[in-house]
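Visitor: Hey, can you walk me through this one? I'm new to reading structures.

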Amino acid sequence: MINVKVDMSQCQHYGQCVLEAPSVFELNAKDRLEYVAQVADDEREAIEDAIDICPMQAISMVQ
Amino acid sequence: MATPPVIIVGASLGGLRTAESLRRFGYEGPITVIGDEPHLPYQRPPLSKAALNDAEGSLENLAFAHRPAISDVTWITGTRVVSADLDASTVTDHQGEIREFSALVVATGVRPRRLHVPGGATVGRYALRTIDDARALRDVLTPGTRVVIAGAGFIGCEVAATAIGLGCDVHVVGTTSVPMQAALGHDLGAAMQARHEDHGVAFSMGTRITAALGHPYLTHVDRADGRTLACDVLVEAVGSSPNVEWISSNDVDATRGLRTDSAMRVVRGDGSPHPHVFAVGDVASYPHPHHGIGAASVEHWNIPTETAKRAASVIAPMLADDPSHLDVAATPFTPLPSFWTDQYDTHLLAYGMTRIADRSTLLAGDLAGECLVGYYRDSRLVGVCGIGMTGQMLTYRKELMAQPLAAGTAA
Ligand SMILES: Cc1cc2nc3c(=O)[nH]c(=O)nc-3n(C[C@H](O)[C@H](O)[C@H](O)COP(=O)(O)OP(=O)(O)OC[C@H]3O[C@@H](n4cnc5c(N)ncnc54)[C@H](O)[C@@H]3O)c2cc1C
Ligand code: SF4
């Protein structure tokens, strides 16, 4: 399993991560970010892409 | 004899993402990254925003995290590459050391253009690209300091917002009629100017700085419209020049950035690619087939990452003698640029090529608050900017993503 963490004090809810890993990240009806904190290993590349693209560098991952 | 490494010149976002992507695409051989800054790759966007504001520490916390996959990459920092010989497959650094490469990736980015004006002032003039630039500027942005910013683009406006927050007296001088006009268009640019004015920033638009006076300490600047502004600090945010001099004596096209084909291979004067030489990030001028604008570089956050992945997807199979790299190179490459800017509590996000638009329209909301603006070229949507309204932005982004393919099939 991979643990995903978003530093919500940094996150600006731009939703870039949602585009890279839609099964992990989601913007709710109020345009706020929600995400799944524990995901399967095969999501690794999608999460790396989300980490790369996040303008605030707010996402991190530990396995 | 050991195989020579892939050499990446430029140790920043584009260089880092290239190294990571080479591993992801299965290349297991040696990688050497050579960069002239003393630092490992770090984030530049905070340099004009939060990190410039923060007297404590945050400049020290900008380094990118390093993935385990690139733990065996050789980083050579503080080392400037001064020339390349693309026929001999070598680069030479400032100490005269010559290194051979199996593939070369140019990730040398751009540097701030400086004002070439008379007047004698040499102390008090700043530009902003590196951590060291930010540190120097931060030290002088103290309450009451009179700051003139030459250039009303993103970096100029971000520094203006930060400096006013630090208690400086701030005056922006720009050549366009409203700030950030090239990227945001007239209406949104004007609305952003109003937000700045509400915070106390003064603007002189449609003019330029013609002299920076002082001996050697800056005391005032002259403007083309005949006015003079007293100031202590001049920030020069007037655009950028690509770092290409070290490679430009080869058969390359370095007239506007380093021109590449859609596989990010650096092309010769006749347009044919150098098979082993690639460029990524701000320095790369790559084709935009669906916009009919020729090759252009795009200095936005996601482009170093997108172009690095693209280059690595070709390099990895190429170095494994896998002919499929030619098929990869032939697939279309049409990344959607995205950029953002933070000024005060306004977070503006954009997708697409707003700069090539001939018209912009308010799609939703209100320019003084949350809004969504669409950008059109020949009545085709080419970009969208939003303040807030993220959910709706994503809908337009999908439309933009779908477009290049539609244009491609129609052609
Ligand atoms: C102050 C500032 C704020 C920004 N804010 C935003 C923002 O809010 N949103 C956004 O989308 N984008 C922003 N950007 C743009 C973004 O940071 C760039 O697009 C990105 O850094 C480009 O990465 P790069 O790796 O292509 O080039 P660079 O980051 O420029 O890296 C090139 C590296 O190569 C080195 N180098 C150059 N020549 C040589 C040589 N001959 N030998 C060895 N090394 C060499 C340089 O010193 C540098 O370290 C900002 C940029 C700046 C400067
Ligand atoms: S990309 Fe980053 S800033 Fe944007 S919503 Fe995701 S975590 Fe937040």
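Guide: We'll go through the ligands, then some strands, then a few odd backbone spots.

Visitor: Anything I should know before we start?

Guide: This is a predicted model, where local features need pLDDT of at least 70, side-chain atom pairs count only at pLDDT 80 or more, and totals for chains, interfaces and linings use all residues. Residues are numbered from 1 along each chain as its sequence is written, chains are lettered from A and ligands numbered from 1 in the order in which they are written, and side-chain values use heavy atoms, with hydrogens and water left out.

Visitor: Okay, ligand 1: how many residues surround it, and which are closest?

Guide: Ligand 1 has 34 residues around it, and B:Ser12, B:Asp36, B:Glu37, B:Arg44 and B:Lys49 are the closest. A residue counts as near if one of its heavy atoms lies within 4 Å.

Visitor: How far is an oxygen atom of ligand 1 from an N or O atom in the side chain of B:Ser12?

Guide: That distance is 2.6 Å. For B:Arg129, a side-chain N or O atom is 2.7 Å from an oxygen atom of ligand 1, and for B:Asp282 the value is 2.8 Å.

Visitor: Switching over, where does ligand 2 sit?

Guide: Ligand 2 is in the largest cavity. A cavity here is a set of points, on a 1 Å grid over the protein atoms alone, where a 1.4 Å probe fits but cannot get out. "Sits in" says that more than half of the molecule's atoms lie within 2 Å of the grid points.

Visitor: And which residues come nearest to ligand 2?

Guide: A:Cys11, A:Tyr14, A:Gly15, A:Cys17 and A:Cys54 do, out of 13 around ligand 2. By class, that shell has nine nonpolar residues, four polar ones and no charged ones.

Visitor: Now the strands. What order do S4, S5 and S6 of chain B take in their sheet?

Guide: The order is S4-S5-S6, in an open sheet with antiparallel pairing. Strands are DSSP runs (E, at least two residues), helices are runs of H or I with at least four, and both are numbered from the N terminus. Two strands pair if DSSP finds at least two bridges between them. At the edges, S4 (81-85) and S6 (98-100) of chain B each pair on one side only.

Visitor: How many bridges join S5 to S6 in chain B?

Guide: Three bridges link S5 (residues 90-93) with S6 of chain B. Within that pairing, B:Thr90 is opposite B:Glu100.

Visitor: What about S18 and S21 of chain B, parallel or antiparallel?

Guide: Those two pair in the parallel sense, over two bridges. They belong to an open sheet ordered S18-S21-S22 in chain B, where the pairing is mixed.

Visitor: How many residues lie between S25 and S26 of chain B?

Guide: Five, and the two strands form a hairpin. S25 (residues 359-365) and S26 (residues 371-377) of chain B run antiparallel and are joined by six bridges. One facing pair there is B:Ser360 and B:Tyr375.

Visitor: You promised odd backbone spots. Is the peptide bond from B:His215 to B:Pro216 cis or trans?

Guide: That bond is cis, with omega near -10°. B:Pro216 is in the loop between S13 (209-214) and S14 (218-223) of chain B.

Visitor: Why pick that out?

Guide: Because most peptide bonds are trans, and most residues other than glycine have a negative phi.

Visitor: So what's phi at B:Ser89?

Guide: Phi of B:Ser89 is near 55°, a positive value. B:Ser89 is in the loop between S4 and S5 of chain B. B:Met180 also has a positive phi, near 55°, and its loop runs between S11 (169-174) and helix H5 (181-198) of chain B.

Key. On a 1 Å grid over the protein atoms alone, a cavity is a set of points where a 1.4 Å probe fits but cannot get out, and a pocket is an open set with protein on both sides within 12 Å along at least five of seven lines; lining residues have an atom within 4 Å of a point. Ala, Val, Leu, Ile, Met, Phe, Trp, Tyr, Cys and Pro count as nonpolar, Asp, Glu, Lys and Arg as charged, and the others, Gly among them, as polar. A polar contact is a pair of N or O atoms within 3.5 Å; within protein, one must be able to donate a hydrogen and the other to accept it, and residues adjacent in sequence count only if both atoms are side-chain atoms.
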